[in-house]
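The following report describes a protein chain and its ligand surroundings. Please consult the sequence and coordinates shown here alongside the text.

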Amino acid sequence: MRTYRIAAIPADGIGPEVIDAGLEVLDALAARAGFGLDVTRYDWGSDRYRRTGALMPADGLDQLRGMDAIYFGAVGAPDIPDHVTLWGLRLPICQGFDQYANVRPTRILPGVTSPLRDVGPGDLDWVIVRENSEGEYAGHGGRAHRGLPEEVATETAIFTRRGVERIMRHAFAIARARPAKHLTVVTKSNAQRHGMVFWDEIAALVAADFPDVAWDKELVDAMTTRMVRRPASIDTVVATNLHADILSDLAAALAGSLGIAPTGNIDPERRFPSMFEPIHGSAFDITGRGIANPVASFWTAAMMLEHLGEAAAAASLMAAVEQVCAAGIMTPDLGGTETTAGVTRAVVDALRGANAPAR
Ligand code: NAD
Ligand code: MN
């Protein structure tokens, strides 16, 4: 029996609530699908920051290095600036393990209502690929003349040939593996004439290696309207760190709720562990109330299983989640009346009823 070493980092707010739900479902699944999970839980996050001044220990990356995958909740607290929590935990892991592809599948699950009129499952089935290592979030910039009238701040977007080419190749490869075989390359090359024209050029170069993938280009502002007005014209999308960050929150909302959307921070070359997380944050407005939607965390777990090579288990987990959604067993963000625990129990029951073949 294969056993996977999983690092669980629930962190802040509803993070622990949804990660605990996900671990419960993974446990039920592993027993049936015939693999083992060796879960190590880390208490990293804002509480640790308040106690010690750091969100994670100095040797944190070394502790994670030997893991098969990282299962992450959310980070952020009302009393700590967001740039401190983000740069203190999530970004060091993404950058330290060169998780340069942030992959965000979005579709409308059965039983879930999109805020778009007349759009149902099948009309919206996207994968957004976000460049996750450079661009606008590379951390380059500075401030001068603090507090003076002539104060200036810069935030420099960094694009390298290696960085853009590798994300473009990964996005074309994802598009190729999907039935539609279609990629939309999103930039802002009318206004940003250096980095974004560079993206367009590299897209054309890489496209030549994927003659079976159809592709088009869209400016990011036009892309927001296309997502709302012509969702079925979109399949796989690739965009910069900032642009895809924004587009994927919109995508999650169009698919019903931020509470269902998963993501993987992937090192496609598999030199390091990849990290899987719901795209939502720590949601302090609902923390501790037992109503956080655990579906994003379940879908995240399915992505993690797929990455580990357990595609059949991932598929049965998604089938169980879809069965539960279709039955209307949902938390309030999706218009339901269930609790986190109620949805979790229903998914575990669905998995037990699924008669997964014992290996
Ligand atoms: P958020 O995603 O935490 O919440 C936005 C809204 O969506 C809230 O109304 C929240 O209640 C709702 N929501 C989110 N997840 C939900 C779920 N699973 N079930 C039901 N409702 C859900 O975003 P925010 O309010 O902008 O940020 C809160 C904190 O989280 C901030 O500190 C922010 O920096 C942090 N954050 C962290 C991450 C991350 O760790 N990857 C991502 C986004 C935001
Ligand atoms: Mn975001």
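Two residues are in contact if their C-beta atoms, placed from the backbone, lie within 7 Å. By this criterion, and leaving aside its neighbours within four places in sequence, V129 is in contact with A101, V103, I167, H170, A171, I174, T236, V237 and V238.

The model is a predicted one, in which local features need pLDDT of at least 70, side-chain atom pairs count only at pLDDT 80 or more, and totals for chains, interfaces and linings use all residues. Residues are numbered from 1 along each chain as its sequence is written, while chains are lettered from A and ligands numbered from 1 in the order in which they are written.

**Annotation and domains**

An unreviewed UniProt entry carries the annotation "domain: Isopropylmalate dehydrogenase-like" for residues 5–347; UniProt positions are given in the numbering used here, feature names are shortened, and annotations may be inferred rather than shown by experiment. Over residues 5–347, helix accounts for 41% of the chain and strand for 22%, and the end C-alpha atoms are 23 Å apart. Helices (H or I, at least four residues) and strands (E, at least two) are DSSP runs, numbered from the N terminus.

The protein is divided into domain 1 (1–100 + 275–358) and domain 2 (114–255), with bounds that come from an automatic or database domain assignment. Their C-alpha centres lie 25 Å apart. Domain 1 contributes 6 residues to the contact and domain 2 contributes 8 residues. On the side of domain 1 that touches domain 2, the residues divide into 3 nonpolar, 2 polar and 1 charged. In this classification Ala, Val, Leu, Ile, Met, Phe, Trp, Tyr, Cys and Pro count as nonpolar, Asp, Glu, Lys and Arg as charged, and the others, Gly among them, as polar.

**Nonpolar core**

A nonpolar core is a set of buried Ala, Val, Leu, Ile, Met, Phe, Trp, Tyr and Cys residues joined through C-beta atoms within 7 Å. A residue is buried if 20 or more other C-beta atoms lie within 10 Å of its own, exposed if 12 or fewer, and partly exposed in between. The largest such core has 105 residues, and those with the most contacts inside it are I70, Y71, V129, V238 and L317. At least three residues of this core come from each of domain 1 and domain 2.

I70 belongs to strand 3 (residues 69–74). Outside its neighbours within four places in sequence, I70 is in contact with A7, I9, L64, I93, P273, M275 and F276. The C-alpha atoms of I70 and F284, 214 residues apart along the chain, are separated by 23 Å.

V129 lies in strand 5, and its C-alpha atom is separated by 10 Å from that of T184, 55 residues away along the chain. For V238, again leaving aside neighbours within four places in sequence, the contacts are V129, I167, M168, A171, L183, V185 and V186.

**Burial compared**

| Residue | C-beta neighbours within 10 Å | Class |
|---|---|---|
| I70 | 22 | buried |
| V129 | 26 | buried |
| K181 | 16 | partly exposed |
| D118 | 6 | exposed |

**Backbone and ligand**

D118, in the loop between strand 4 (101–107) and strand 5 (125–131), has a positive phi of about 60° although it is not a glycine. K181, likewise not a glycine, has a positive phi of about 45° and is placed in the loop between helix 5 (161–177) and strand 8 (182–187).

Around ligand 1 there are 21 residues, of which G76, G259, H280, G281 and N293 come nearest; a residue is near a molecule if its C-beta atom, placed from the backbone, lies within 6 Å of it. By class, this shell has 9 nonpolar, 7 polar and 5 charged residues.
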